[in-house]
2 protein chains.
Amino acid sequence: MILDKINMPSDLRCLTVEDMKTLASEMREVIIKKVNTIGGHMGPNLGIVEATIAMHYVFSSPVDKFIFDVSHQCYPHKILTGRKEGFIDPDKYLKYTGYTAPEESEHDLFKIGHTSTSVSLACGVAKARDIKGEKHNVIALIGDGSLSGGEALEGLDNAATLGSNFIVIVNDNEMSIAENYGGLYDNLKLLRVTNGQAECNFFKTLGFDYLYVEEGNNVEKLIEAFSKVKDTTSPVVVHIHTEKGCGLELAEKNKEAFHWMVPGLVDNFGKPQAEYECYEAITKKFISDKVEKGEPVVAINAGTPGVFGFTKDFRQKLGKHYTDVGIAEEHAVAYASALAKCGAKPIFCVMSSFVQRTYDQMSQDLCLNNSPITMLVHWGGLSGADATHLCSFDMSLISNIPNMVYLAPTCKEEYQAMLEYSYNQNEHPVAIRVPAGMLVSTGEKDTTDYSQLNKFKLVEKGEKVAILGLGNFFTLAKEVKEALKTQGIDATLINPKFITGVDSELLEDLKANHSVVVTLEDGMLDGGFGEKIARFYGNSDMKVLNFGGMKEFTDRVPIEELYERYHLTPELIVKDVTKILK
Amino acid sequence: MILDKINMPSDLRCLTVEDMKTLASEMREVIIKKVNTIGGHMGPNLGIVEATIAMHYVFSSPVDKFIFDVSHQCYPHKILTGRKEGFIDPDKYLKYTGYTAPEESEHDLFKIGHTSTSVSLACGVAKARDIKGEKHNVIALIGDGSLSGGEALEGLDNAATLGSNFIVIVNDNEMSIAENYGGLYDNLKLLRVTNGQAECNFFKTLGFDYLYVEEGNNVEKLIEAFSKVKDTTSPVVVHIHTEKGCGLELAEKNKEAFHWMVPGLVDNFGKPQAEYECYEAITKKFISDKVEKGEPVVAINAGTPGVFGFTKDFRQKLGKHYTDVGIAEEHAVAYASALAKCGAKPIFCVMSSFVQRTYDQMSQDLCLNNSPITMLVHWGGLSGADATHLCSFDMSLISNIPNMVYLAPTCKEEYQAMLEYSYNQNEHPVAIRVPAGMLVSTGEKDTTDYSQLNKFKLVEKGEKVAILGLGNFFTLAKEVKEALKTQGIDATLINPKFITGVDSELLEDLKANHSVVVTLEDGMLDGGFGEKIARFYGNSDMKVLNFGGMKEFTDRVPIEELYERYHLTPELIVKDVTKILK
């Protein structure tokens with residue numbers, strides 16, 4: 001194996017082009033095996049193998065600096081920079097993260113997981129070099145849909161002003177996670193079909209020199225191109241045309257499915273999946289029904305349709321009622337706000353981790369204008385995710401914006417009722433934190449009038465202790481109630497439903513025969529729901545215990561460990577409560 | 001006066017071109033007089049008079065929809081849409097806001113005050129039209145620096161996908177608030193010098209048709225151009241070259257100074273100003289000193305240098321140590337993070353209201369990477385500002401991000417010490433909430449070691465009641481302490497200094513001989529500082545009273561009224577405290 005001989009980037013320089021082709025095949029093999037075993041980003045990494053080899057062959061990392069956008073295509077880079085064991089040895093598959101990580105290697109500059117950040121970061125790296133009088137190359141690798149994000153566009157606009165060495169490799173695989181949207185991608189197409197010769201060139205308009213490489217999976221051509229731009233003294237874009245999923249036929253033919261995949265997909269692709277009821281299916285049915293009725297509903301997402309179960313079939317069925325804005329969350333929120341203001345019915349689906357890209361748009365474009373959109377926030381909650389993809393901050397972020405109504409359903413029936421309420425009202429922006437995990441059903445239709453804002457639901461009346469179990473943690477609240485029974489306490493159980501407000505009347509009533517209020521929320525405590533309850537009772541004798549996540553970036557910490565750390569088990573909560581009752 | 005005859009846009013259609021030229025002069029006259037009387041945006045409005053007349057002449061608002069970016073150039077639009085009294089009659093100068101406001105007129109669609117939002121909003125307006133089967137023109141007016149913001153770029157990229165009527169008027173006055181930065185502006189220049197003929201055309205690369213109008217202050221040429229694009233069935237950009245400040249010589253020659261101006265500047269421009277010590281001067285001296293010592297400091301701002309006192313002289317003096325990224329706050333934060341990571345010393349100055357454009361960058365690019373930048377947040381606090389420019393949300397936004405250290409100095413000496421600490425450390429991103437209002441000086445050097453995080457300062461030890469006066473409100477805390485004395489209470493006075501953490505030890509100690517803790521913060525309570533104190537004491541007998549702003553968008557509400565509303569006067573606070581002590 002050639003790979004056996006490669007322990008650091010400089011080892012590449014002993015190889016012939018033929019060797020490098022063999023190496024590329026070997027790298028593909030280990031990537032395919034690993035990703036099919038533990039899951040991860042398949043297509044992006046298979047597509048970028050040759051480019052990564054060529055980058056490390058031509059440039060000298062870590063003196064020259066690589067910044068990988070999203071960094072979900074850094075597997076080949078990790079293999080070439082001393083971390084190949086994490087790809088070869090199944091026992092070490094989990095040793096390295098799926099993203100660049102400075103704590104792992106001097107070849108990684110930043111922790112990166114959100115899109116469209118590489119060019120701006122690279123500008124800072126280049127400016128630091130210049131102001132310190134150093135000399136080296138700065139190379140940002142971007143593509144795979146990230147180019148359309150506002151931060152990337154701001155960065156590209158600013159790069160030209162540096163007036164010094166700056167290289168952007170645009171990995172054009174003709175895809176985002178799903179198909180590309182936006183005028184920019186038509187320009188990339190024009191550049192491809194003219195072999196880079198078209199004068200109408202997006203990158204040139206921003207002040208970049210420009211070079212096109214049609215064969216982006218040909219290591220020889222890439223080395224040639226990168227050699228040309230090495231040590232450039234002005235900003236240059238190298239536009240490389242690659243094949244996403246290159247080398248794995250299934251992934252080449254099913255680019256979206258193999259962008260990120262669960263373990264085993266290579267073996268199981270196309271086989272019938274177990275069907276189960278889920279919140280995504282409820283949303284899809286809801287939208288379809290409105291479309292069929294001829295209503296002006298518009299389902300919006302920002303480049304991640306798979307997260308919401310928006311399959312190709314479904315997207316096609318929606319037709320003009322579907323908008324994928326590409327990676328452009330800011331645009332999505334403003335666009336939705338204007339749709340709602342003009343009488344259409346936008347439903348914006350977004351992952352909790354990515355909704356944070358839109359705070360100003362939620363505040364200014366949306367909430368200040370009080371536009372009645374429906375925003376469905378997915379995957380919100382504590383988890384064992386990478387630090388780059390945590391979903392524990394959305395409640396603190398969204399719930400403190402004036403005019404916003406942020407709802408936390410605890411089951412299918414509540415979710416359906418909230419969807420209907422949000423869709424039919426014209427008073428407020430409404431966000432719904434779609435429950436995480438398996439679907440819960442009470443079997444009883446929820447007839448709550450949600451236009452009565454901030455009315456918590458008193459589920460079971462007890463005394464001494466009241467438990468407010470918000471959204472995902474309502475189940476935990478029920479368990480705590482059961483556990484308290486063993487201590488002789490018949491606790492009150494409350495389902496708050498509203499994250500954005502406090503039910504003063506109900507909270508006031510609790511004072512009569514309760515001495516402790518417990519809040520449970522599936523997210524960071526700081527700025528969240530529980531603190532508002534603590535503030536409410538600040539002037540009273542009521543004790544308040546807030547349970548939720550701490551303010552920290554956790555990185556792949558198993559969820560059970562987090563629950564222990566944050567006292568989020570019935571046992572630990574009961575212990576804390578009884579301590580205070582003494 | 002022609003203006004006398006104009007009460008609604010359709011009245012324009014009775015005018016000859018000559019009449020319209022006269023009208024433009026008359027409009028300029030009232031704008032100059034009003035802005036010189038009460039302050040406001042001078043240059044942007046003087047530059048856009050003819051374009052606004054032409055827009056209303058050619059299109060039919062409110063059937064056709066205008067969306068004004070930033071909407072700081074909507075004065076001519078307001079004059080033409082039934083609100084001219086607000087510009088002619090000094091008694092009614094304050095009747096209408098300086099921004100578009102749907103509650104004022106059916107000709108205003110959105111409340112807009114932050115930049116770069118118009119194109120995305122217009123996309124939503126156009127899509128709503130299309131999906132409802134309506135017919136009308138949608139016109140976004142953008143320029144004056146806003147084009148470089150990520151949201152605008154995302155919007156432009158998406159507009160092409162609409163495939164229907166969509167008109168963007170790019171108001172190119174060759175300026176932002178200050179000079180323009182970014183490759184994009186070189187392209188605008190190329191388009192200007194080629195009279196719009198250059199093939200390398202930013203807008204065309206994004207899928208727009210394109211039309212150039214060299215004489216952007218010639219109403220006849222503008223009418224001609226707008227007539228050509230009216231009822232277009234595909235996205236088109238009309239690039240108009242205007243003169244910022246047109247018609248007021250002083251404003252034409254001093255474009256930056258007359259972008260937004262205080263009352264009387266037309267009369268007083270160039271006259272010597274009273275010199276007074278301010279926080280901005282401290283920052284500038286701090287930066288200059290570092291530059292002189294040859295340190296790798298980089299002062300960064302995003303298109304608003306005047307806010308920080310970064311005059312042209314100062315900028316030139318800094319040379320390569322100065323970066324204006326243009327309207328591109330997201331880029332600014334990522335850029336600063338990378339600078340710090342690579343050993344340079346970035347100091348990013350930003351207004352509280354605009355820092356909210358960067359939450360994801362603060363979280364992912366900055367805090368997750370723990371890059372030791374210095375971020376100076378200006379103007380934070382409750383105010384009588386327009387709803388679009390409130391500065392009361394930054395604490396909730398910034399202080400809940402892990403790893404961030406957010407400091408609240410209460411005087412000059414603390415500000416200096418915090419600046420030095422932040423600049424010299426390499427452990428954390430540090431934000432400082434630069435005190436608002438007049439400079440306060442104790443005259444005593446602050447020798448605090450701020451690397452000891454979350455250590456509150458016990459200023460005066462008392463009993464029963466402890467007052468935590470954060471940042472701007474430390475002065476109020478002192479007043480409350482004095483007022484409590486008249487009630488026979490010798491309160492403890494604490495200067496928390498840290499917004500991002502809680503001094504558990506000190507708070508624990510307070511339990512010994514205090515029964516009430518009062519928190520005072522100059523910003524929204526929700527998600528803020530006080531709630532964390534309430535949470536801390538939730539399991540104890542300590543009563544906690546949080547004072548600060550409510551979660552709401554206030555719009556030009558006098559600050560005294562807000563202080564009454566929120567109980568932020570010594571009298572009202574003492575009343576609330578004594579109520580609880582009984």
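Two strands count as paired when DSSP finds at least two bridges between them. With that in hand, here's a quick tour of this predicted model, starting with a sheet in chain A and ending at the contact between chains A and B. In that sheet, A:V517 has A:V544 of β18(A) as its bridge partner.

**The sheet in chain A**

- We're looking at an open sheet of 5 strands in chain A, with mixed pairing and the order β14-β16-β15-β17-β18.
- The edges belong to β14 (457-460) and β18 (543-549) of chain A; each has a single partner strand, so one side of each has no neighbour in the sheet.
- On average, neighbouring strands here are turned by 25 degrees against each other, direction ignored.

**How the strands pair up**

- As a reminder, strands of a sheet pair through backbone hydrogen bonds, either parallel or antiparallel.
- At the β18 edge, strand β17 (residues 514-524) of chain A runs parallel to β18(A), and 6 bridges join them.
- At the other edge, β14(A) and β16(A) run antiparallel and are joined by 3 bridges; A:E460 has A:L493 as its bridge partner in β16(A).
- Strand β15 (residues 464-469) of chain A is parallel to β16(A), again with 3 bridges, and A:A466 finds its bridge partner in A:T492 of β16(A).
- To get from β15(A) to β16(A), the chain goes through helix α20 (residues 474-485) of chain A, making a right-handed β-α-β crossover.

**Both faces of β16**

- In a regular strand the side chains alternate between the two faces of the sheet.
- Strand β16 (residues 492-495) of chain A is covered on both faces.
- A:T492 and A:I494 sit on one side, A:L493 and A:N495 on the other, and all of them are buried.

**Where chains A and B meet**

- Chain A puts 93 residues into the contact, and chain B puts in 93 residues too.
- Sorted by class, chain A's side of that contact has 37 nonpolar, 33 polar and 23 charged residues.

**A closer look at B:T161**

- B:T161 lies in the chain B loop between α7 (150-159) and β4 (166-172).
- Leaving out residues up to four places away in sequence, B:T161 touches A:Y181 and A:G182.
- B:T161 has 19 other C-beta atoms within 10 Å, and because buried takes 20 or more, B:T161 counts as partly exposed.
- B:S234 is 73 residues from B:T161 in sequence, yet their C-alpha atoms are 9.5 Å apart in space.

Definitions and conventions:
Residues numbered from 1 in each chain as written. Chains lettered and ligands numbered in written order. Predicted model: local features only at pLDDT ≥ 70, side-chain atom pairs only at ≥ 80, totals over all residues. Helix = DSSP H or I, 4+ residues; strand = E, 2+ residues; numbered from the N terminus. Buried ≥ 20, exposed ≤ 12 C-beta atoms within 10 Å, placed from the backbone. Contact = placed C-beta atoms within 7 Å. Nonpolar A, V, L, I, M, F, W, Y, C, P; charged D, E, K, R; others polar. Axes fitted to C-alpha atoms, helices over the stretch in contact; angles between N-to-C directions. Right-handed = clockwise from strand over helix to strand, strands pointing away.
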